[in-house]
Each structure stands twice: as C-alpha cells, then as structure tokens.
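User: I would like to go through a structure with you, pockets first and then a few parts of the fold. Could we look at it together?
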Amino acid sequence: MKSLFQDNEVLVLDGAMGTQLIDRGLGKGQSSFIWNAEHADTILDIHRSYASVGANCLTTNTFSGSPIMLDRCGIGHRFVVLNRLAVELARDAGGKGCKVLGDIGPCGDFIEPYGELPEADLESSVQTQADVLADAGVDGFIVETMADPNEMRIAVSALKDFGLPIIASFTYEPTALGMKTMMGGSPTEASRIAIEAGASAIGANCGTSLNLEDYLKLAQELLAVANGLPVLLQPNAGTPVKTEDGGFHYAVQPDAFGAWASAAVAAGVKIVGGCCGTTPAHIAAVATAVRNK
C-alpha cells in the first residue's frame, strides 16, 4: 500500500472548506459540492490559500459527493463530473508539493436495523465514489466526521481494495461517561473497529462541544489504541457561537491554534489540520508549529 508519509514527517492538512465557502457567499441550504463546477475559481483559491501557507495535504471538496447524497439532492446525474473536478482542483492548487485526499463523508442516513439504508447500498455508494476519486488521481482517502462505527466499518472495508491509504476520523462529543460518538462509541471502541476494517490511520475531527484541551486528552486515547498507526486531529476553531445574522462565530485565534498543534505533535500526533471555522491563518500557525518541532 502507498504511504502518505516520508520518513518521520508530520502531515499538515488543510482547514475548513464549508465555512470558507460560506464566507464567500454559499447560501443556507445550497450544495457546496456544486461549487466544484459553478464556482471552480473559488474552490481553487481556497485550496491554494492552504497550500501557500504550508499545508502539504489537501482534501477534495467531495464531503457530500456520494451517490446517495447527490440522489437525495436531485443532482445524481452530475456525480462523476463533480467528483473528478474536485480532485483536479485540489491537484492543480497543490502541485507536486501536496498530497490529495479524497474526502468521503457520512451518508446522511441510518443503516439497518436503526434506519432503512441497507449495508450493501452504503458499500456500493462508497465504492462508486472511490472509483471516481481514485481514477482521478487521489493519493489516499479520508473518511471523516463519522458518528456511527458501523458506517465507518462498511466505508473502510469498501475502500481497502483500492490499495490507497485510508484515514478514519470520527466526531466525538463529551458525555458524563467520557468522549463518545453520537452512536455511543468510545474513541477506543470506534477506532478499533476502523483499524480492524483496514484503516491506515485513525483520528478525530469537528466535535462542536470540544475545546482544544479536549483534543489533547483525546489524543492520548487515540495514540494508545492506534498501536503505531498515525493519528489525525482536526479540531474546530472552538465551539461555534450563533451570531445575530444567523451565522456562526469561532473564537479560537490562529496563535492559540498553533500552540495547540505544537502540543499535539509533541504528544505524537502525526497528522494535524483544522475543521469548521479554521482559516489559512490557522493552518499557517499549524505549519509553523510542525516546522519548529
């Protein structure tokens, strides 16, 4: 299997795509995925802004690009074109200096027996999207913001045959019993399921109620269960606070985010980036922290 790493390298991933698009005019309820075609220059500019400040791994704008999600939105007929464009835009922006990860997000539904979606349909959807992303030239996959360990298991299993690295990232929230996914899985339990399914790296992203200190605690649990596999962390820029105009404000500033990244790398985290609310300035601070370590 190919590797995303060289020697003891720490990968610096990019930051948010969705909140960056909202800042550039993406309206409520609009599909960010369509912007790969209709506002390609904007997507390219966001990718370039991350690459220019030190990100060496860019994530395709395909989080909501599965056949299941697109059929639900009525744009399934644009599936292949939009996924290919997403890879081309990330590749063009990063050039030879950046790896490109094909982003696969949750299906947006519950799998049987908790919902009506058959496992076989989810597996087919993931494989179909991965076919296009792999053919377009991604260096690996990131399955992110997952709340259901069973969905992660199906997705990772569906990706194994492509022979590319697979990062499996869950979203956690604090509970009285510690960090849990929405479906009740602990970081140890959820990560073990992902590893057994074939993940090359495990991690956590988003988590609207988690602060940066929570992520450092989470790192310890993930590093313990990873058993030598790389660990990824991509926090939000703090807990989102609703503003008067209906938007959201993220309070964590780049310098604080960079200090957090320095502590995460010192703890042993190998892949560091940002999720909702992070900007190129946040990723610049991460890149500086990584260089200094």
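Analyst: The discussion below takes up the pockets, a cavity, one threonine, a helix and a strand. Please note that this is a predicted model.

User: How much space lies in the largest pocket?
Analyst: The largest pocket holds about 1,400 Å³ of space. Its lining is made up of 44 residues, and those nearest the centre are Met17, Gly18, Thr19, Ile22 and Cys276.

User: Which element gives the most to that lining?
Analyst: Helix 1 does, with 5 residues. The elements that give two or more residues are helix 1 (18-23), helix 4 (67-73), strand 4 (140-146) and strand 8 (201-206).

User: And how do the lining residues of the largest pocket divide by class?
Analyst: There are 22 polar, 15 nonpolar and 7 charged residues in that lining.

User: What about the second largest pocket, how much space is there?
Analyst: The second largest pocket has about 300 Å³ of space. It is lined by 17 residues, and Pro106, Thr145, Ala147, Glu151 and Met182 lie nearest its centre. By class, 8 of the lining residues are nonpolar, 5 are polar and 4 are charged.

User: Changing topic: how many cavities of 30 Å³ or more does a search of the whole structure find?
Analyst: The search finds 1 cavity of that size. The largest cavity has a volume of about 60 Å³. Around it are 13 lining residues, with Ser66, Gly105, Cys107, Leu122 and Val126 nearest the centre.

User: Where does the largest share of that cavity's lining come from?
Analyst: It comes from helix 6, which provides 4 residues. Helix 6 (119-136) and helix 7 (149-159) each supply at least two residues of the lining. The lining of the largest cavity contains 8 nonpolar, 4 polar and 1 charged residues.

User: Since helix 7 has come up, why is it described as largely enclosed by the rest of the structure?
Analyst: Helix 7 is described that way because 8 of its 11 residues are buried. These are Pro149, Glu151, Met152, Ile154, Ala155, Val156, Ala158 and Leu159. Glu151 also appears among the residues nearest the centre of the second largest pocket.

User: What do those buried residues of helix 7 pack against?
Analyst: They pack against strand 3 (99-104), helix 6, strand 4, strand 5 (166-170) and helix 8 (187-197).

User: Which side chain reaches a backbone nitrogen at the start of helix 7?
Analyst: That of Asp148: one of its side-chain oxygens comes to within 2.9 Å of the backbone nitrogen of Asn150.

User: Now strand 8. How many of its residues are buried?
Analyst: In strand 8, 6 of the 6 residues are buried, so the strand is largely enclosed by the rest of the structure. Strand 8 runs parallel to strand 5, and 4 bridges join the two. Within that pairing, Ile167 has Ala201 of strand 8 as its bridge partner.

User: Which way does strand 8 pair with strand 9, parallel or antiparallel?
Analyst: Strand 8 and strand 9 (residues 231-235) pair in the parallel sense, over 5 bridges. Ala204 stands opposite Leu233 of strand 9.

User: Last topic: is Thr60 buried or exposed?
Analyst: Thr60 is buried, because its relative accessible area is 2%, which falls under the 20% cut-off. Thr60 sits in the loop between strand 2 (57-59) and helix 4.

User: Which backbone nitrogen does its side chain reach?
Analyst: The side chain of Thr60 reaches the backbone nitrogen of Asp103, at 2.9 Å. Leaving aside residues up to four places away in sequence, Thr60 touches Ala86, Val87, Ala90, Val100, Leu101, Gly102, Asp103 and Val138.

Notes:
Residues numbered from 1 in each chain as written. Predicted model: local features only at pLDDT ≥ 70, side-chain atom pairs only at ≥ 80, totals over all residues. Heavy atoms only, no water. 1 Å grid on protein atoms, 1.4 Å probe; cavity = no way out; pocket = protein on both sides within 12 Å on 5 of 7 lines; lining within 4 Å. Points joined across faces, edges and corners; volume = space filled by probe spheres on them. Nonpolar A, V, L, I, M, F, W, Y, C, P; charged D, E, K, R; others polar. Buried < 20%, exposed > 50% of the residue type's maximum accessible area, 1.4 Å probe, protein only. Polar contact = N/O pair within 3.5 Å; in protein donor to acceptor, adjacent residues only side chain to side chain. Contact = heavy atoms within 4.5 Å. Pairing = 2+ DSSP bridges.
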